[in-house]
Amino acid sequence: MINELNLLKEWQERLGLQDWAITLKINCKQEDLSNPEWQGENNWVSSIKCSTIKIVSPEVHGDDRILKFDFEKTLVHELLHLKFSLLDITDRTYESVVVDDLRHQLIDDLARALVMAKRGETKRKLNCNKLKDMSLED
Ligand SMILES: [Zn+2]
């Protein structure tokens, strides 16, 4: 947990989220999250700047996915939700659902780019074995 808490502190500072009270729950099981497909989840109340982030264990994530388990990238993704919470829309019109999906994609692209920049990586790492299974690679 020490390493994970250090990463939380590091990215909270980097993203300017020091004034948020964030509870981090690691090694979560699928049933701990609202959707079993998710690797992480963040529940926040922006008016009081409180949030609870849950991230699954590497075992729950498994090896059979296109994207490998990456705790730090998932953490940054969940933290970026707090940055974007200023733009939260509470109604559920068709347009707001589409915007929400697009925002989610943007958040994930940004999380990946930020973590790659920190690590000095330029290529997105995919699970090559999984891609072979899906015949996307020859
Ligand atoms: Zn998300």
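**Helix packing around H3**

Author: In this predicted model, Glu-4, Leu-7, Leu-8, Trp-11 and Gln-12 of helix H1 meet Phe-71, Glu-72, Leu-75, Val-76 and Leu-79 of helix H3. By class, the residues of this contact are 7 nonpolar, 1 polar and 2 charged.

Reader: What makes H1 and H3 oblique to each other?

Author: The axes of H1 and H3 lie 10 Å apart and form an angle of about 45°. Angles under 35 degrees would count as roughly parallel, and those from 65 to 115 as roughly perpendicular. An angle of about 45° belongs to neither group, and H1 and H3 are therefore oblique to each other. As for handedness, H1 passes H3 in a right-handed crossing.

Reader: Why is H3 also called oblique to helix H4?

Author: H3 and H4, the latter spanning residues 94–119, pack with their axes 8 Å apart and at an angle of about 130°. The roughly perpendicular range ends at 115 degrees, and roughly antiparallel begins over 145, so that an angle of about 130° makes H3 oblique to H4. H3 passes H4 in a right-handed crossing.

Reader: Which residues make the contact of H3 with H4, and how do they divide by class?

Author: From H3 come Glu-72, Lys-73, Val-76, His-77, Leu-80, His-81 and Phe-84, while H4 contributes Arg-103, Ile-107, Asp-108, Leu-110, Ala-111, Arg-112, Leu-114 and Val-115. These residues divide into 8 nonpolar, 2 polar and 5 charged.

Reader: How do you know whether Ala-111 is buried or exposed?

Author: Ala-111, which has its place in helix H4, has 22 other C-beta atoms within 10 Å. A residue counts as buried from 20 upward, and Ala-111, with its 22, is therefore buried. Leaving aside neighbours within four places in sequence, Ala-111 is in contact with Lys-73, Val-76, His-77 and Leu-80.

Reader: How far apart are Ala-111 and Leu-80 in sequence and in space?

Author: Ala-111 and Leu-80 are 31 residues apart in sequence, whereas their C-alpha atoms are 7.3 Å apart in space. Besides Ala-111, Leu-80 touches Ile-107 and Leu-110, not counting residues up to four places away in sequence.

Reader: Which residues have the most contacts inside the largest nonpolar core?

Author: That core has 13 residues, and those with the most contacts inside it are Leu-8, Trp-11, Ile-55, Leu-75, Val-76, Leu-79 and Leu-80. Helix H1 (2–14), strand S3 (50–56) and helix H3 (71–84) each supply at least two residues of the core, and its largest share, 6 residues, comes from H3.

Conventions:
Residues are numbered from 1 along each chain as its sequence is written. This is a predicted model: local features need pLDDT of at least 70, side-chain atom pairs count only at pLDDT 80 or more; totals for chains, interfaces and linings use all residues. A nonpolar core is a set of buried Ala, Val, Leu, Ile, Met, Phe, Trp, Tyr and Cys residues joined through C-beta atoms within 7 Å. A residue is buried if 20 or more other C-beta atoms lie within 10 Å of its own, exposed if 12 or fewer, and partly exposed in between; C-beta atoms are placed from the backbone. Helices (H or I, at least four residues) and strands (E, at least two) are DSSP runs, numbered from the N terminus. Two residues are in contact if their C-beta atoms, placed from the backbone, lie within 7 Å. Axes are lines fitted to C-alpha atoms, for helices over the stretch in contact, and angles run from 0 to 180 degrees between N-to-C directions. A crossing is left-handed if the near helix is turned anticlockwise from the far one by less than a right angle, and right-handed if clockwise. Ala, Val, Leu, Ile, Met, Phe, Trp, Tyr, Cys and Pro count as nonpolar, Asp, Glu, Lys and Arg as charged, and the others, Gly among them, as polar.
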